[in-house]
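Me: Got a structure here. Can you walk me through the disulfides and any odd backbone spots?
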Amino acid sequence: MRIKAMLLAGFELGLLITILTACGDTTALPATPPTPTSGSATLPATSGTPVPGTTGVPGTNGPSQGNGPLPAVCAAQSVPALCVTFNLTGATTVTGSNWVYAEIPDANLPDSTCPEYGASTLESDEPGLPKVNKVIGTEAIEATFTADKPGDGAGVEGAEASGSIVVDDVTYEAEDGTAKIDLNRDGSGKLVLPRLVGGSGSLSGSISWRCIDPKE
């Protein structure tokens, strides 16, 4: 009985030492993070490569000046051209764009870029919008407008202009002192036309244009 008691006591002592040793080792290994996958929420959100011409990304086929891409109907030519946009309402509606050659009325200068065209226009005796004889929207129109003063090489801002537009064989003339023209050194410009009077009523609105550098 004495030996059995000693063996039992020794067993209990060994068991107690094992338990105490396990409880004393409190250091735990860090958990291994899961490997992210393409469908995992742990991956940071990424965006694709921006595509020119999409929302928020400027296009790359626009002119050298102005905002946004050119209308599809306007295309680069072998010489400087203008993309002209009409926005006239009243007795009839003329809205839309088309291109015309960038020409100045009183000289045949070999302009090869839009800045050269702009400088030539501003040094002309009759600076303004070259004659437009195109289909704009759904209307075949003719239009010519010039500033009422010679150019001096600087930009023109809010100068009085004169001219007319023919729509469906009806001529609309700018009332004296109402038409105003802006001309810029990059070849762009704008006409503000509060009142154009013709046989069937009147028109009002604006005509603006941007210069298109020649295609290479």
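Reply: Here come the ground rules, then the disulfides, then the backbone. This is a predicted model, where local features need pLDDT of at least 70, side-chain atom pairs count only at pLDDT 80 or more, and totals for chains, interfaces and linings use all residues. Residues are numbered from 1 along each chain as its sequence is written, and side-chain values use heavy atoms, with hydrogens and water left out.

Me: How many disulfides are there in the whole structure?
Reply: Two. A disulfide here is a pair of cysteine sulfur atoms within 2.5 Å.

Me: Which cysteine does Cys74 pair with?
Reply: Cys83, at 2.1 Å from S to S. The torsion about that S-S bond is about 70 degrees, so the Cys74 and Cys83 link is right-handed.

Me: Are Cys74 and Cys83 buried or exposed?
Reply: Both are buried. Buried means under 20% relative accessible area, exposed over 50%, partly exposed in between (1.4 Å probe, protein chains only).

Me: And what about Cys114?
Reply: Cys114 bonds to Cys211, sulfurs 2.1 Å apart. That link is left-handed, with -90 degrees about the S-S bond. It ties distant parts of the chain, 97 residues apart: Cys114 in helix H2 (114–122) and Cys211 in strand S9 (201–212). Helices (H or I, at least four residues) and strands (E, at least two) are DSSP runs, numbered from the N terminus.

Me: Backbone now. Where is Asp168?
Reply: Asp168 is in the loop between strands S5 (156–167) and S6 (170–174). Its phi is positive, about 55 degrees.

Me: Why does Asp168 count as exposed?
Reply: Because its relative accessibility is 60%.

Me: What is phi at Asp169?
Reply: Near 70 degrees, also positive. Most residues other than glycine have a negative phi.
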